[in-house]
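Here are my notes for your first look at this chain. Keep the model open as you read, and find each residue when it is named.

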Amino acid sequence: MENRADNAGTDVMIYRDPLTDTVHADTPTGAPEQLLALLDSLGFERRALPAPGPVCVWHEAPAHLDEDAKKQLASSAVPWLHKAGYVVHIGGEVWNAAAYTDAATAMHDHGAPAPPVAVAAVPVTGRPPRAHRR
């Protein structure tokens, strides 16, 4: 079973399902456990669907989060994924430049060796939203 990460040839594809408010973080078929565990630690919830052949695994932002919190979670994960050496594509519909900048700054300023558990628990900074990246 293919997913968007397989189709795009990227390590992680973060996007909102166009028919729902679900934010997905897809990884390629057979992604290493290290990548899946990193997404777990960043606050995404792992899902799996047994299929004929390999098991289909993906991650979602927790359903109880509101739209802004899901965007914050998704965008805050990107610097950590980049630091770990993964290629990430994040859709404009879930991009939050302030959350990305805050996460990258915290990572740089504090020299944090590992991502914080459940980035989704970090409160929104209250800064005004910046322009979308395209």
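**Notes on the core and its surroundings**

1. Start inside. The largest nonpolar core holds 28 residues, and Val 12, Ile 14, Phe 44 and Leu 81 touch the most other members. Several elements feed this core: E1, E2, H2, H3, strand E5 (88-90) and helix H4 (97-110) each supply at least two residues. Helix H3 gives the largest share, seven residues. Keep in mind that this is a predicted model.

2. Now pick out Leu 81. Which residues does Leu 81 contact, leaving aside its neighbours within four places in sequence? The list is Val 12, Ile 14, Leu 35, Leu 38, Leu 39, Leu 42, Tyr 86 and Val 88. Val 12 and Ile 14 appear here, and they are also among the core residues that touch the most other members.

3. Step back to the whole chain. Its secondary structure comes to four helices and five strands. Read from the N terminus, the order is α-β-β-α-β-β-α-β-α. The chain has 134 residues, and 41% of them count as buried.

4. Look at how the chain folds back on itself. Take the contacts between residues at least 6 apart in sequence: 55% of these join residues at least 24 apart. The chain exposes about 7400 Å², and carbon and sulfur atoms supply 58% of that area.

5. Turn to helix H2, residues 33-41. Four of its leucines are buried: Leu 35, Leu 36, Leu 38 and Leu 39. Why do they sit on the same side of H2? They cover an arc of only 160° around the axis, so they share one side. The general rule helps here. An α-helix has 3.6 residues a turn, so residues three or four places apart point the same way.

6. What covers those buried residues of H2? The cover includes four strands, E1 (12-16), E2 (23-26), E3 (45-49) and E4 (56-60), together with helix H3 (67-83). Just after H2 comes Gly 43, which takes a positive phi of about 105°.

7. Finish with Gly 92. This glycine lies in the loop between E5 and H4. Is Gly 92 buried, exposed or partly exposed? Its relative accessibility is 28%, so Gly 92 counts as partly exposed; buried would need a value under 20%, and exposed one over 50%. Then look across to Tyr 15. Gly 92 and Tyr 15 are 77 residues apart along the chain, yet their C-alpha atoms are separated by 8.0 Å.

How values were computed
Residues are numbered from 1 along each chain as its sequence is written. This is a predicted model: local features need pLDDT of at least 70, side-chain atom pairs count only at pLDDT 80 or more; totals for chains, interfaces and linings use all residues. Side-chain values use heavy atoms; hydrogens and water are left out. Buried means under 20% relative accessible area, exposed over 50%, partly exposed in between (1.4 Å probe, protein chains only). The arc is that of the directions from the helix axis to the C-beta atoms. Contact means heavy atoms within 4.5 Å. Accessible areas come from the Shrake-Rupley method with a 1.4 Å probe; for residues, only the protein chains shown count as cover. A nonpolar core is a set of buried Ala, Val, Leu, Ile, Met, Phe, Trp, Tyr and Cys residues joined through side-chain atoms within 4.5 Å.
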